[in-house]
Amino acid sequence: MTDPIATARADGRTLLTEVESKQLLHEAGIAVTESRLAIDADEAAAAASDIGFPVVLKVVSADIAHKSDVGGVALDLRDEEAVRAAYDSMMGAVREAAPSAKVEGVAVQLMAKPGTEVIIGTTTDSQFGPVVMFGLGGIFVEVLKDVSFRIVPLEPRDAKQIVREIKGFAVLEGVRGQPAVDIEALERMILQVSDFAAQRPDVAELDLNPVIAYPDGAVAVDARIVLTDEAEG
Ligand code: ADP
Ligand code: MG
């Protein structure tokens, strides 16, 4: 299989697509909804029936960092006809919202069941190097900035702390009839992300947004990797 980082470097770009990002993460043993690239509606429909329904379609373009902002995410598609229709309307919407973006096609992936959305990410601090970030999804991060950080490499103890330090931790323990999520699965994923960042000096930023957490397990449904400006070495 081709190395997405080498491909991106050869293209002179620093943003990996979701398909490329998930390929690297999957190889590192991190649970992701694997994405298959389809370059037209027929391929998308075929990939969907292969994967099994319901599926999600997302625009694939190294020029688009936030797919929903440009109409590039279609959720819960239940048959081939819905996939074909979503493909066509997505291409139209994206062309309108991001006319200069070079679109490769769409990523087809399994629609994950609803759960509690969290974010696991890394950034590179000029002083400390790679740093892992953890938070709850949606407004918790965007509005309340309820996130916690640890410097790579994390020890199991750090993973326990980073999860428990957020103000919204109670949400993960289950509130108002919502079941508790598998906190150990999140801790494991955080440690895997720490290892990934430690082993990949080319990676400046990683965003698993969201990871969907369940009473049993967790899976990253979106992934975005940004490379450093220049190849190391
Ligand atoms: P964006 O580039 O806009 O961040 P995402 O891939 O995160 O796009 O998709 C937007 C939202 O759609 C996610 O926050 C999540 O709630 C939902 N979503 C995306 N992919 C899946 C999936 N495979 N299964 C279930 N929900 C998904
Ligand atoms: Mg996202």
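Q: In this predicted model, what distance separates the centres of domain 1 and domain 2, taken over C-alpha atoms?
A: The domain assignment of the protein gives two segments, domain 1 (35-110) and domain 2 (116-227). Taken over C-alpha atoms, the separation of their centres is 27 Å.

Q: Where does ligand 1 lie with respect to domain 1 and domain 2?
A: The shell around ligand 1 draws residues from domain 1 (35-110) and also from domain 2 (116-227). Because both domains give residues to that shell, the place of ligand 1 is between them.

Q: Which pocket corresponds to the space taken by ligand 1, and which elements give two or more residues to the shell around the ligand?
A: The space that ligand 1 takes is the largest pocket. Two or more residues of the shell come from each of the following elements: β3 (55-60), β4 (73-77), β5 (105-110) and β9 (203-213).

Q: How many nonpolar, polar and charged residues are in the shell around ligand 1, and which residues come nearest?
A: Sorted by class, the shell has nine nonpolar, five polar and four charged residues. Of the 18 residues around ligand 1, those that come nearest are K58, K67, S68, A112 and E117.

Q: Which residue places a side-chain N or O atom 3.0 Å from a nitrogen atom of ligand 1?
A: Two contacts involve an oxygen atom of the ligand instead: a backbone N or O atom of K67 lies 2.8 Å from an oxygen atom of ligand 1, and a polar side-chain atom of E117 lies 2.8 Å from an oxygen atom of ligand 1. The contact to a nitrogen atom of ligand 1, at 3.0 Å, is made by an N or O atom in the side chain of Q109.

Q: What share of the area that ligand 1 exposes when taken alone does the protein bury?
A: Taken alone, ligand 1 exposes 550 Å². Of that area, the protein buries 85%.

Q: Where are P54 and P153 found, and what is omega for the cis peptide bonds that lead to P54 and to P153?
A: P54 is found in the loop between α3 (41-51) and β3, whereas P153 is found in the loop between β8 (147-151) and α6 (156-165). The cis bond joining F53 and P54 has an omega of about -5°, and for the cis bond from V152 to P153 omega is near 0°.

Q: Which residue in strand β4 has a positive phi although it is not a glycine?
A: The residue is found in strand β4, and its positive phi is about 55°. The residue with this phi is D76.

How values were computed:
Residues are numbered from 1 along each chain as its sequence is written. Chains are lettered from A and ligands numbered from 1 in the order in which they are written. This is a predicted model: local features need pLDDT of at least 70, side-chain atom pairs count only at pLDDT 80 or more; totals for chains, interfaces and linings use all residues. Side-chain values use heavy atoms; hydrogens and water are left out. A residue is near a molecule or strand if one of its heavy atoms lies within 4 Å of it. A polar contact is a pair of N or O atoms within 3.5 Å; within protein, one must be able to donate a hydrogen and the other to accept it, and residues adjacent in sequence count only if both atoms are side-chain atoms. Accessible areas come from the Shrake-Rupley method with a 1.4 Å probe; for residues, only the protein chains shown count as cover. On a 1 Å grid over the protein atoms alone, a cavity is a set of points where a 1.4 Å probe fits but cannot get out, and a pocket is an open set with protein on both sides within 12 Å along at least five of seven lines; lining residues have an atom within 4 Å of a point. A molecule sits in a cavity or pocket if more than half of its atoms lie within 2 Å of its grid points. Helices (H or I, at least four residues) and strands (E, at least two) are DSSP runs, numbered from the N terminus. Ala, Val, Leu, Ile, Met, Phe, Trp, Tyr, Cys and Pro count as nonpolar, Asp, Glu, Lys and Arg as charged, and the others, Gly among them, as polar. Domain bounds come from an automatic or database domain assignment.
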